[in-house]
Structure formats: structure tokens, C-alpha cells
Amino acid sequence: MTTNHCVFCNIVARAEPATIHYEDERVIIFDNQLDWVPVQILVVPAAHMSQSELWRSGDLLAHMGDLATQMGEKHCPNGFRILSNFGRDGMQSQPHAHLHVIGGEFLGRYLRQGIG
């Protein structure tokens, strides 16, 4: 389904361009357009759903977690993070569920001292 309001649905439908690393019937993996760190890869379910729905999905989340780990190991051999943002305060910018794989350099400490 293509919608003008969901960038990720449009990428799944090939209505918007993306550098795709992997795709199957349930998941698509592509480069994030952001450039905060050298490697920013998104692992996205093909079907539109919320972050909460993804995290309650069981098998789909396990599949995405396995693929995210594979992408991290391949593209960030010295280490990486897998992130999932929930809501505005959590810095979620797209309503379509997704996981971030980030790395390619030392990522440093978390935002507040004493954490990590």
C-alpha cells in the first residue's frame, strides 16, 4: 500500500528511492538518510504497524532482531547499537515501526553521565 503520509510504506512500494540491503516478504532493510554516524541502517516491517505492535509481534520482532544483528555484524564489525524509538519524546520521527542499526565508529557514552 502506498500512502503520501508514510515514507516507509512508499519505500516498500518502490514509490520512493532507497539503498536496499535486504528484503523478504515481511521485512525490508535500507540505509537511513540521516548521517549522524557512518552506518545508519533501518530494519522495517513491510506491513505498516506501530512500534508497540512490532514489539508485541513475537515472531516478526525476532526475525527483525536477527536481521538487524546480521547487518550490524556485517557493516560494523567493531560494534553497533540496535535502537527502537517510541513517541515524540523518544525521538520517533516516522509512524511506521522500525529498528535502527547504528555504528561504524565509537558511539561514546549515553546522553546522561552515569548511564552506560
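A residue is taken as buried when its relative accessible area is under 20%, and in this predicted model Cys9, at 4% relative accessibility, therefore counts as buried. Cys76 falls in the buried class as well, because its relative accessibility is 3%.

The burial of these cysteines is not accompanied by disulfide formation, as a search of the whole structure finds 0 disulfides. For Cys9, the closest cysteine sulfur is that of Cys6, and the two sulfur atoms lie 3.5 Å apart, which is too far for a bond, given that a disulfide requires a pair of cysteine sulfur atoms within 2.5 Å.

Burial also characterises strand S5, which spans residues 99-103. Of the 5 residues in S5, 5 are buried, and the strand is therefore largely enclosed by the rest of the structure. In a regular strand the side chains alternate between the two faces of the sheet. In S5, Leu99, Val101 and Gly103 point one way, whereas His100 and Ile102 point the other way, and the residues of both sets are buried.

Strand S5 pairs with two strands, S3 and S4. The pairing with S3, which comprises residues 39-45, is antiparallel and extends over 5 bridges; within it, Val39 has Gly103 of S5 as its bridge partner. The pairing with S4, formed by residues 80-83, is likewise antiparallel and involves 4 bridges, with Phe80 standing opposite Gly103 in S5. Gly103 is thus a point of contact with Val39 and with Phe80, and this glycine is itself among the buried residues of the strand.

How values were computed. Residues numbered from 1 in each chain as written. Predicted model: local features only at pLDDT ≥ 70, side-chain atom pairs only at ≥ 80, totals over all residues. Heavy atoms only, no water. Buried < 20%, exposed > 50% of the residue type's maximum accessible area, 1.4 Å probe, protein only. Pairing = 2+ DSSP bridges.
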